[in-house]
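Dear colleague,

Please find below the structure that I am handing over to you, together with its sequence. The notes that follow describe what was found in it.

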Amino acid sequence: MSKNQEAVEEHRDTQAMLAVLDAADQIPSATRLRARSYELLSLVPGSTVVDVGCGAGRAVAELAERGVHAVGVDPDSWMLTAARERWSTAEFHQAGADELPFADGSVRGYRADKVFHVLQDPHSAVAEARRVLCPGGRIVLVGQDWDAIMIDSDDAELTRTIVHARADLLGTPRAGRQYRNLLLDGGFDDVTVEVHTSVFTDPAMLSLLTRLAEPACTSGAVDRDQADEWLAEQRRRAEGDRFLLAIPFFVAAASA
């Protein structure tokens with residue numbers, strides 16, 4: 001594949017991911033969850049708040065509306081291009097969670113939403129957060145536990161296999177349940193943890209089940225026929241208004 005073809009493929013993948021993120025962001029429970037994360041940051045007007053793994057930048061824009069200097073950071077150049085197109089007055093930087101472009105103690109708030117499950121070393125990210133936060137600064141981590149996704153199905157065993165197989169392909173799939181200990185190990189104080197469970201019955205969320213089943217099939221955890229049969233059952237459920245997906249989101253907050 002030529003470099004040009006690779007760029008086209010990467011752009012197509014980014015656009016597909018953006019469509020999924022946009023749809024998820026507009027769900028009422030997701031809007032409430034973002035608002036809760038901003039509340040837990042204890043925002044100080046005019047202070048700097050970084051949104052790590054900012055994606056297309058929605059949280060950066062919403063934080064700026066609340067009167068802080070919001071900065072988005074993401075390692076994906078395609079995502080940052082989309083973010084800059086959408087929010088032209090906002091500030092964005094290309095960087096990973098373990099190497100933030102801030103001086104020691106220069107940030108008042110740190111937020112990472114649906115980020116830590118893809119990291120190979122969450123401890124280094126927490127250490128970097130501790131470095132850039134000023135004394136009294138706030139950190140908020142938000143994310144789903146990929147091993148705890150609940151899907152109603154006639155075949156509970158196959159469903160468990162698919163969910164666990166997809167989880168095992170991620171860097172730290174159970175990061176959500178580990179947030180508290182990660183923050184305690186990182187030297188943070190006043191650590192709190194909440195769990196907000198989002199329940200979906202809308203057929204539009206079938207695309208997420210495909211994103212679970214296809215990697216599980218590719219990894220060899222289930223065969224093609226099993227994956228197709230499982231997805232067909234979920235489509236029948238959706239057509240008959242019997243579809244149900246529940247995802248627990250962990251929200252941890254602490255002070256530096």
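**Findings in the structure**

Gln144 is found in strand β5. Please bear in mind throughout that the model is predicted.

I shall stay with Gln144 for a moment. Its relative accessibility is 11%. Because buried means under 20% relative accessible area, Gln144 counts as buried. Which residues is Gln144 in contact with, leaving aside its neighbours within four places in sequence? They are Lys114, His117, Pro173, Ile247, Pro248 and Phe249.

Strand β5, which spans residues 133-144, also helps to cover the buried residues of helix α5. Helix α5 runs over residues 122-132, and its buried residues are Pro122, Ala125, Val126, Glu128, Ala129 and Val132. Why do they lie on the same side of α5? The reason is that they cover an arc of only 160 degrees around the axis. Besides β5, what covers these buried residues includes β4 (107-113) and α7 (175-185).

The pairing of α5 with α7 may be described further. Their axes come within 9 Å and cross at roughly 55 degrees. This angle makes α5 oblique to α7, and the crossing is right-handed. On the α5 side, Pro122, His123 and Val126 take part in the contact, and they meet Leu182, Leu183 and Asp185 in α7. By class, this contact has 4 nonpolar, 1 polar and 1 charged residues. Pro122 and Val126 therefore appear twice in this account: they are among the buried residues of α5, and they are also among the residues that meet α7.

A second pair of helices is formed by α8 (residues 206-218) and α9 (residues 224-239). How do their axes run with respect to each other, roughly parallel or roughly antiparallel? The axes come within 9 Å and cross at roughly 170 degrees, which makes α8 roughly antiparallel to α9. From α8, the residues in the contact are Leu206, Leu209, Thr210, Ala213, Glu214 and Cys217. They meet Arg224, Ala227, Trp230, Leu231, Gln234, Arg235 and Ala238 in α9. The residues of this contact divide into 8 nonpolar, 2 polar and 3 charged.

Two acidic residues of α9 deserve a separate word. Glu233 lies in this helix and, at 7% relative accessibility, counts as buried. Leaving aside its neighbours within four places in sequence, Glu233 is in contact with Ser153, Asp154 and Asp155. Asp228 is likewise found in α9, but at 35% relative accessibility Asp228 counts as partly exposed. Between the C-alpha atoms of Asp228 and Ala64 there are 44 Å in space, and the two residues are 164 residues apart in sequence.

Finally, I turn to helix α3 (residues 58-65), where Glu62 is found. With a relative accessible area of 18%, Glu62 is buried. Leaving aside its neighbours within four places in sequence, Glu62 is in contact with Arg34 and Tyr38. Arg34 is 28 residues from Glu62 along the chain, and their C-alpha atoms are separated by 9.1 Å.

I suggest that you locate each of these residues and helices in the display above as you read.

Yours sincerely,
A colleague

Conventions: Residues are numbered from 1 along each chain as its sequence is written. This is a predicted model: local features need pLDDT of at least 70, side-chain atom pairs count only at pLDDT 80 or more; totals for chains, interfaces and linings use all residues. Side-chain values use heavy atoms; hydrogens and water are left out. Buried means under 20% relative accessible area, exposed over 50%, partly exposed in between (1.4 Å probe, protein chains only). Helices (H or I, at least four residues) and strands (E, at least two) are DSSP runs, numbered from the N terminus. The arc is that of the directions from the helix axis to the C-beta atoms. Contact means heavy atoms within 4.5 Å. Axes are lines fitted to C-alpha atoms, for helices over the stretch in contact, and angles run from 0 to 180 degrees between N-to-C directions. Angles under 35 degrees count as roughly parallel, over 145 as roughly antiparallel, 65 to 115 as roughly perpendicular and the rest as oblique. A crossing is left-handed if the near helix is turned anticlockwise from the far one by less than a right angle, and right-handed if clockwise. Ala, Val, Leu, Ile, Met, Phe, Trp, Tyr, Cys and Pro count as nonpolar, Asp, Glu, Lys and Arg as charged, and the others, Gly among them, as polar.
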